[in-house]
Every structure is written in structure tokens, then in C-alpha cells.
Amino acid sequence: MSSTAKYTHVQTAEADVTTCEVPVEGIPVATPVASQTSSRMGVATPVASQPSSSRKGEERADDDEISITWEKGEAQPPAFRDRWFAVAFLAQLIAVSTTGCLTASTSWGQLFPLNNDSGSGSAYGGDGEGSPQEQAAPSHDFWAIVIGISLLVAPALSIFSLTLMSRNAIGMITASLWFSIILCGLVALLSFFVAPPVGVIYGIFTVCLFWYAKKVKNRIPYAASNLKCSISVLQNNLGLGLVAMGSMIGLVWYLSTWLLAFNFTINLDAMRDKTNGDDELSPLGGFVALMFLLSFYWTHEVLRNIVRATVSGVVGTWWFAPAEAASFCSSGVRESTIRASTYSLGSIAFGSLIVAVLQLIRNTLRNAQNDRNGGILRCIAACILSYIEALVEYFNKWAYVYVGLYGYSYIEAGKRVMNLFRSRGWNIIIADNLANRLLGIMSLTIGILTGLCTLFVSFLVDEFESKQGWLGLGFFIGFVIGILLSGIFMGLLSSAVDSVIVCYAEAPQEFNETHPELAQEMHETWSHAWPDLGGPVIVGLGGGIGVV
């Protein structure tokens, strides 16, 4: 069978062409059948209320017939795609890490020189052993307990929040929307007394948010349905949390070696220009510094997008073969992780490199925009690049869903996304960032609750009088750890929402067969959200748009 197949659904008063199911690499794929009807498989059937006749033969319409043709995705055979980008990424990763490890002792001494001043008597500025500052310093028990409590409380609250959102998705999405309105209104009210122009701007934002809330009120149930499906995927495959944690640990390790390698390399004589008595970077040193920054941006993007592609693969497994994605470290989690970090690594590195280059250029212009010569032009260019970067990240967001679901190359995945959007209703776009708003507020709430827990525990470690300002430090540590760990779970959930949107666009019938209750709820809420639309709608959830 060819690598792609055309899927044509023709709906008339007399006939309705259906399809049968042919498994490809463990994922059901629909292929056209003219002579028989399958009871299991159906093709996603968009019905356009006003079809266009200018789709290069892809759409045809008259008074009695509607015909829409598009290409559905197929699971690709195991193969390394965009391999040269994977080779380049691994080469720079090994070079930076090796340099950092080999020069660790020298770079560490330069970054953190030892203080040999033994006459101070106290690291906290005191004059002797009994100084109040030294007594107020937190003990080792303080650090161990505060960090330990944070590492226990934040994941527990995050998992509990999944259950809470699943059971009360509509109410919590509604509450998060009105919370944003009230918060923006309070900021506007306070700003009127401090900076009236700022207050006017926030007042306009408040009015716009209120209007937005009224407009999307009937779409909240549909957003809640998508969110509940995504929560179900995550609850059945909590091993995804380990994948995300591994990515974060890998980033911390890379950052450590990157700092050591950067400090050692940038201080070499060849990288310095001392001709005029100044110790500045030479042209070669400036180029090497930019390459180090590109390496950091690239590695950060790759690690983040590996997790995104892994989540998409798990959602696809849960969608088509739920039995293989129904445990903590299910086969779906393991195989998706391996596929994203091996066969699809080149595709992920390809897209991540584009974003990394844009980040490098934008930040370079931003750092130089205060110069007298061309400062305004640099500021304008940096602003334009920020929008281009956001557009590329948005495009990559959906391309990685196809990479994770089917194993396409980066370019092919991008084509699939564009074709899907065009054929399923490119002109009807509604940006409902309802799920993403709720996830952000939940992450902030978990951070605050974790900080309160560590504040209470740090109060009990020693006597209050000996702590002075360290109680605030305990709250801050708990808040930061809570934000980071809850952000992992909410990020996984946001990626799952994107993948659910694409899967529902491509395979609604399979969803009805594997998860009939959730499919029925999604269909009913979609019909309630857009009762007057006969065609497909592109809906924004989780920070982007998707097709349903």
C-alpha cells in the first residue's frame, strides 16, 4: 500500500460511501472501499455549509451533492527521518557536555572563587560566633524539610487537581474565566489611582474580557469535554510525568555543563581582545558566544518538544488501542518515548532549530536596541521577530502532534497540518483559550498552596525568633518548586488537548468505538456550541487552534 491514501466521502440523497479498516503499524487507518461497507470504521466527514469550487478539485458542490477530499494520516514504518538534523544536534550536545565535564575544575574555580578571608568570623557579616545573623541562618534540617515537603506536596496537589478538573470541568473553566475578569478589573481600579492611563488600558481589557466571556459561554461545555478526554489520557498514563521530569533533569544537567563550557571557552586568550588595554570579546569570541547561546536555545526546545511528541504518541495509542495505554508506564508510553527520542529526533530537532535561530536573533536585537545608532529600528525588528517566532512555535505545536502520532518528517507533518486545516474549515477560526487559561490558574494555585505548606513546616523546624526573614524564604522555595512541578503536569495536559483535537478531526468514528461515553459527550457539546454550523470549526484550546 502506498504511504498515503486519499479519503473521499460523498454524501448525497441516495448514497453514502463508507470505508473499511486496514491496520498499519498497529494503528487503524482508513482506506477507500467501493464494494463493501464496514461496520467498524468511518471516515471523519466534514459537511461544508458553503463549499468552495476553487480547491483544485478537492471540493465539488451543487444543489444536490457535497464532496470533500482530504488525506488522513498513516503510521509510518520505523525509520530515522531528518537524520542530519539529529546528527547535528547530538554533535553539539556532545561537544558542549564533554567540554564542560573536562574543564569542570577550572571553570568552577572561575565561576565560584573560594573566599579565603578567615578574619571575617562569619559568612553572614557578623563579628564572631555569636552574631545574630549567623544564628538566624537556616539549618540543614530547614533546607531538607522545606525541599522535601515541596517535592511531596506539589505532585500530590497536581494529581488531585486532575481529578478535580475532570469532575468539575465546566464549573472550573467558567470560574477561571471570571477570575481573569475580576483580577483585570481590580488591577484597572488600582491603576486609576497610581497611573490613570494604565487604568484606562486595563479597563478596556476588562470590558473585552467580559464581552468574550458572554460570547464563549455556550462553548465552555465543549472545551470541558476536550479537557476531560485529555485528563483521562494523563491519569491512565502517569508515566508521562516521569518523561517530563527526565526532560527537566536533562535540561538542568545540560545547563550545568553549558555554563562550565561557556565560561572556560570564553576566557581563552583567542576569544579576548586586549589590544587597547580593554579585556573584551574578540570577533571570534563574539561568534563563539552566539553559537553557545544557539546551542542552549536549541537544546531547550528539543527537550521540550520531545515531551510534546511523546504525549501525542500516547494520545494516539489511547485513541486507537486503549488497552496499550492504560497503565503507569504502559507500552504506549514506552514506545512513544523511544520513537520521539530516536526515529523522530531529527524532525523535532529540525523544527526546534528554526525557533532557536529566531530566539537568538530576537534576543540579540533586544540587547542592542538601546544603542543610539539604529536603536528604534532594532526595537521594531525585535518586535516583528517576536511575532514571527510565535507564529513558528504555533505551527510547530501542531506539526509535532503529527510527528508523535504518525512518525512523519517535519516537512511532511507541516503539510499535513496545513492540508487538514484547509480541508476542514480554514476560514472558520474561533480562539477559545479556555482550557489553557484554567491550566495556568491551577498551576499558580498549586504553587501558592505548596508555598503555604512549606511556610508552615519551616515555622515548626526551629524557634520562630531564630528565623527572622527565613520564613519568607521557605514560602518562596515551596512556591517555585510548586510552580515548576505543577507546570509539568499542566504542560502535559495542554499537549494532550492539542492531540485530542487532531485525533477527533481525523478519526471520530474510532473514538466512538473505543471510548463511546466520551465520544457521545464531545459530539453533544459540539452540537450545543455551534448549533447553526453545518461545517467543521477550528477551535483554540491549550494555547493554539485545532480542527473539529
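Q: Why is V500 called buried?
A: Buried means under 20% relative accessible area, exposed means over 50%, and partly exposed lies in between (1.4 Å probe, protein chains only). V500 has a relative accessible area of 0%, and it is therefore classed as buried. The model is predicted: local features need pLDDT of at least 70, side-chain atom pairs count only at pLDDT 80 or more, and totals for chains, interfaces and linings use all residues. Residues are numbered from 1 along each chain as its sequence is written, and side-chain values use heavy atoms, with hydrogens and water left out.

Q: Which residues are in contact with V500, leaving aside its neighbours within four places in sequence?
A: Contact requires heavy atoms within 4.5 Å. On that basis V500, a residue of helix α15, is in contact with N226, C229, S230, V315, W319 and M522. For V315, the C-alpha atom is separated from that of V500 by 6.9 Å, although the two residues are 185 residues apart along the chain.

Q: What makes R308 and D498 a salt bridge?
A: A salt bridge is a side-chain nitrogen of Lys or Arg within 4 Å of a carboxyl oxygen of Asp or Glu. The N to O distance between R308 and D498 is 3.0 Å, and the pair therefore satisfies the cut-off of 4 Å. R308 lies in helix α9 and D498 in helix α15 (residues 470–506), so the pair ties together parts that are 190 residues apart in sequence. In general, side chains of opposite charge can pair when their charged atoms come close.

Q: Are R308 and D498 buried or exposed?
A: R308 has a relative accessible area of 13%, so it counts as buried. D498, at 0% relative accessibility, is buried as well. These two residues are also linked with K397 in a network of salt bridges.

Q: Where do the partners of the salt bridge between R304 and E301 lie?
A: Both R304 and E301 are in helix α9, 3 residues apart, which is about one turn of the helix. Helices (H or I, at least four residues) and strands (E, at least two) are DSSP runs, numbered from the N terminus. An α-helix has 3.6 residues a turn, so residues three or four places apart point the same way. The side chains of R304 and E301 meet at 2.9 Å, N to O. R304 is partly exposed at 39%, whereas E301 is buried at 3%.

Q: What is the exposure of E412 and of R416?
A: E412 has 24% relative accessibility and is therefore partly exposed, whereas R416, at 4%, is buried. Their side chains meet in a salt bridge of 3.0 Å, N to O. Both residues belong to helix α13 (residues 410–423) and are 4 residues apart, about one turn of the helix. A search of the whole structure finds 6 salt bridges.

Q: Why does the span of helix α9 agree with its number of residues?
A: The expected span of a helix is 1.5 Å times one less than its number of residues. For the 38 residues of α9 (residues 283–320) this gives 56 Å, and the end C-alpha atoms are 55 Å apart, which agrees.

Q: Why is α9 described as largely enclosed by the rest of the structure?
A: The description rests on burial, because 28 of the 38 residues of α9 are buried. T317 belongs to this helix and, with a relative accessible area of 16%, is itself buried. Not counting residues up to four places away in sequence, T317 touches P322, E324, A325, G332 and S336.

Q: What makes the nonpolar patch a patch?
A: Patches consist of residues with over 30% relative accessible area and no salt bridge; like charges are joined within 9 Å, and nonpolar side chains (Val, Leu, Ile, Met, Phe, Trp, Tyr) within 5 Å. The nonpolar patch on this surface is formed by L189, F192, F193, V194, V198, V200, I201, Y202, I204 and F205, which together have about 1000 Å² of accessible area. The elements giving two or more residues to the patch are α5 (169–194) and α6 (196–215), and α6 gives the most, with 6 residues. Accessible areas come from the Shrake-Rupley method with a 1.4 Å probe, and for residues only the protein chains shown count as cover.

Q: Why is V194 called exposed?
A: V194, located in helix α5, has a relative accessible area of 72%, and it is therefore classed as exposed.
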